[in-house]
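Grab a coffee and open your viewer. Here are some exercises, each with a worked solution to check yourself against.

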Amino acid sequence: MLTRNCLSLLLWVLFDGGLLTPLQPQPPQTLATEPRENVIHLPGRRPHFQRVKRGWVWNQFFVLEEYMGSEPQYVGKLHSDLDKGEGTVKYTLSGDGAGTVFTIDETTGDIHAIRSLDREEKPFYTLRAQAVDIETRKPLEPESEFIIKVQDINDNEPKFLDGPYVASVPEMSPVGAYVLQVKATDADDPTYGSSARVVYSILQGQPYFSIDPKTGVIRTALPNMDREVKEQYQVLIQAKDMGGQLGGLAGTTVVNITLTDVNDNPPRFPKSIFHLKVPESSPIGSAIGRIRAVDPDFGQNAEIEYNIVPGDGGNLFDIITDEDTQEGVIKLKKPLDFETKKAYTFKVEASNLLLDHRFQSAGPFKDTATVKISVLDVDEPPVFSKPLYTMEVYEDTPVGTIIGAVTAQDLDVGSSAVRYFIDWKSDGDSYFTIDGTEGTIATNELLDRESTAQYNFSIIASKVSNPLLTSKVNILINVLDVNEFPPEISVPYETAVCENAKPGQIIQIVSAADRDLSPAGQQFSFRLSPEAAIKPNFTVRDFRNNTAGIETRRNGYSRRQQELYFLPVVIEDSSYPVQSSTNTMTIRVCRCDSDGTILSCNVEAIFLPVGLSTGALIAILLCVVILLAIVVLYVALRRQKKKDTLMTSKEDIRDNVIHYDDEGGGEEDTQAFDIGALRNPKVIEDNKIRRDIKPDSLCLPRQRQPVEDHTDIRDFINQRLQENDVDPTAPPYDSLATYAYEGNGSVAESLSSIDSVTTEADQDYDYLTDWGPRFKVLADMFGEEESYNSDKGT
C-alpha cells in the first residue's frame, strides 16, 4: 500500500507540474489541472464558436502490474476545456484493451483497469480518446492517442535457460583455470530498478571451483586436482536478482565438471618377477604368456609399449602389446628344445607411448620387470635331418635302384627307433618304395621323363615306442633325361627357290626340335647328307646358333627341267649318346619377279600364255581333258577291231596273249613280259626301265638275280612274280598278264609250242579252206605264206 501511494504521488507531481511531454509536438498552451488527480485536459473552444488553434493535451498513464485489489485500479482522467460540467460532453475510449482491459466513465472521463496486467506479457497499451457532444453526436475535439504503460514489479526470478551444464578441465590445472561461463536470464524490466540485476554465487562445489558474481565464469580454485583421486564434480550455481539483496528472487542450475586425463603417471609392474612355463612343443609364433604393467592414466595416456631388454631371450622370444587389455604378450620366435636348454631369463621394459613434458621432471616414465621361462619336456615326434629332400634319377633306370635316403631321429631323452612310410595319398601310383628301417628310396617302376619329369610325394616317420607321434617331409625327385630321341627339323619341311636365284643365296632358315630335355648349352649341328653332297644344287650353311640356312649353289633353276628338288639335311645334337637324323626338305622351283616375290610355282603355268584369267585356264584344261578322253577312246576301239586281224598272223598266237581291261599303255605293256624269256631263260633284259610309268629320280635300278641254266619255267615265273611284288616300278594293278603252263607232270606232255622242234614248214593249213567262208581270210593268208616258202626253197 505504501508503494502504491508513493507511485500515485509521483504521477501526480509529474502530471500536475507539466513535466511530461506529449508524444506529438503541440503549441504552448495553458493546462487546467485538478489538484491531486491524474487528469488529461482536452483543449476546448472559445464562446461563439471562434476557432482557436488548440489541441489535445495529454500525457502517459501508468498502471501497476499484477494488481490484486478488490476494486478496479484507477488509471487517470480525461477532461476537455469545452466541458463546463453541464453534462453535455461524452468521453469515449478506443484502441488496445479498450472495453476489455480499460473502461472510461463517459461523463467524468475517469479511466480504470478492470483486470490484473502482466508487463512481461504486454508492457504498454496504445489508446485513443474522443470528446463528443451528447446532443449533436459530433466530436468536440480531434481524436488523439495516448499510452498506458504497465509499471514493472519484481515478479520473475532469474532462470538458466541452457542448464544443466557439462564442462571439463584437465587435471593438475593451476588455480584460476577457465572451466565454463553460465548465464541466467531475468524477465523483469532491466531499465527499472534492480529487478533484473543478477548476481552469481556457488552454493555447492567449494573449495574446488569459484565463480565470478557478475560474469558467471567458473574457474578452478584448488591446484593439482588429480583425476586418479576424483574425476567427477557437481557444482550448484545460484543467480539472484535485486543485486543479491535481501528479498530478491533466485534461480539455480547444476554444472557437472569432469577432470580430463593427462599423462602424469608412469606405468608400473605390480611385481618384479614373472614366472612362465612353456612346453617345448609350442609352435613358432604362439603366445606363451602375458605380463602387465599398471598405468592409472586413461586412454592414450595409458597406452604401454613393451620391449625385451637385450640379453638371454632377445633372439628366442618377442613381446607385443594387446591393444584391448594393454598387456604384454610374449611370443615364441624360435622352437624350444628341452634337451638343449631348460630355462630362460630376460627383462621386459614397459613405457608410455605419449609423454607429457610437464611431468618428466618427476622421473622416467617406464618400469622394468624380470621374466623367467621354464621349458617343459614333451614327447616329440621324430625330426628329419632336412626340411626338404631333393633327388635325381635317370629315366629308364632299372626297377629297384636306390636313388637316395631320408633320415629322422628321436631327440627326446629316451630315444626310440624310427619307422618310415610313403604317404599313399601323395604317391598313389607307387613309382617308388622306401625301406622302413633304413629310409632308402628305390624305384618301383620304369620312369619316363617325357611322361613325367618330376615326382613330389611325402614320407612319414613315426616312433616305434609311440606310433601316433609322426612327422612328414616332402620328397622332390627330378627325372633326368637320357638322349634317346634325335633332333628333327622344325617346320617348314618345304620351301621354294626362284628360277632367277643366284649362287650363295639363303632361301630358307631352319631350326631343330628335340623331344628330349635339352641340357643348358646343347648345340645342334646341320650338314648335308653324304649322298647329296656330290655336285649339289643346294647346300646347308650352319650358323652355329642352332639354326642353319639353305643356300643355293647354281645360277638359276628351270622348272621345265626339274620342278622339285629333295635336299637331305642331317641334324646332330650334342648330348650323350649323340643322336642324329636325316630330314628331307622339298624345294620347289617357282617363277619370281625381279624383287624375289614368288609369282607362280605350278608346272602348267609354264606353257600357258601370260594374262589369262583363272576361268580361262580352267576352260582350256577342261577342253584338253575332253580331247584326251576322245583320243584314248578312239585308240581303244581301233585296237578292238584289229584283234581279229592279229589272229591270222603266222606266229603262234598262243605264245603271247595280252588281255586289256583299260586304256592303259597299249602295246608298250609287252615290254614287261617278253615271251622270249620263256623260250630262253638266258635272255634277260637287264636294267630295262618301264615306259608306262613315271620314273622316280631317287629309285635305283632294280637288281635281278641271275637265272641259272635249265631253270624250270614255273620257278622263273615265281621269281619274277616276287620281284614285281616288292618292286615300286611294277605295272599298275589294272595290268593283267596271264601265263598258261601245264607243268611237267602231265601224261599227255606239254601242249605248248614252246621249245617245239617242228618248223613252220611242217604245218599244213589246207584244212582252213574246209572251214567255210568265215575262215577264208586265214586260209588265204597261210596259203600265200606256204607258196612263198615253196618258191623260196626253189
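Below come four exercises, moving from the whole chain to two sheets and then to one residue.

A word on ground rules: this is a predicted model, where local features need pLDDT of at least 70, side-chain atom pairs count only at pLDDT 80 or more, and totals for chains, interfaces and linings use all residues. Residues are numbered from 1 along each chain as its sequence is written, and side-chain values use heavy atoms, with hydrogens and water left out.

**Exercise 1.** Work out how many helices and strands the chain has, and what share of its residues is buried.

*Solution.* Start with the DSSP runs, numbered from the N terminus (H or I of at least four residues for a helix, E of at least two for a strand). That gives five helices and 42 strands. Next, take buried as under 20% relative accessible area, with exposed over 50% and partly exposed in between (1.4 Å probe, protein chains only). On that basis, 34% of the 794 residues are buried.

**Exercise 2.** Find the strand order of the open sheet that contains β17, β20 and β19, and say which strands are at its edges.

*Solution.* Strands pair if DSSP finds at least two bridges between them. Following the pairs gives β17-β20-β19, with antiparallel pairing. The edges are β17 (287-292) and β19 (317-321): each has a single partner strand, so one side of each lacks a neighbour in the sheet. Now zoom in on β19, which pairs with β20 (residues 327-332) in the antiparallel sense over five bridges. Thr321 sits opposite Gly328 in β20.

**Exercise 3.** Do likewise for the open sheet with β24, β31, β30 and β27.

*Solution.* The order is β24-β31-β30-β27, and the pairing is mixed. At the edges stand β24 (388-394) and β27 (418-422), each with a single partner strand, so each has one side without a neighbour in the sheet. For a parallel pair, look at β24 and β31 (residues 470-480), joined over seven bridges. Within β31, Asn474 is the bridge partner of Leu388.

**Exercise 4.** Describe the surroundings of Thr495: is Thr495 buried or exposed, and what does Thr495 touch?

*Solution.* First place Thr495: strand β33 (residues 494-498). Its relative accessible area is 9%, so Thr495 is buried. Then list contacts (heavy atoms within 4.5 Å). Skipping neighbours within four places in sequence, you get Ile507, Gln508, Met585, Thr586, Ile587 and Arg588. Finally, check for polar contacts, meaning N or O pairs within 3.5 Å; within protein, one atom must be able to donate a hydrogen and the other to accept it, and residues adjacent in sequence count only if both atoms are side-chain atoms. The side chains of Thr495 and Gln508 make one at 3.2 Å.
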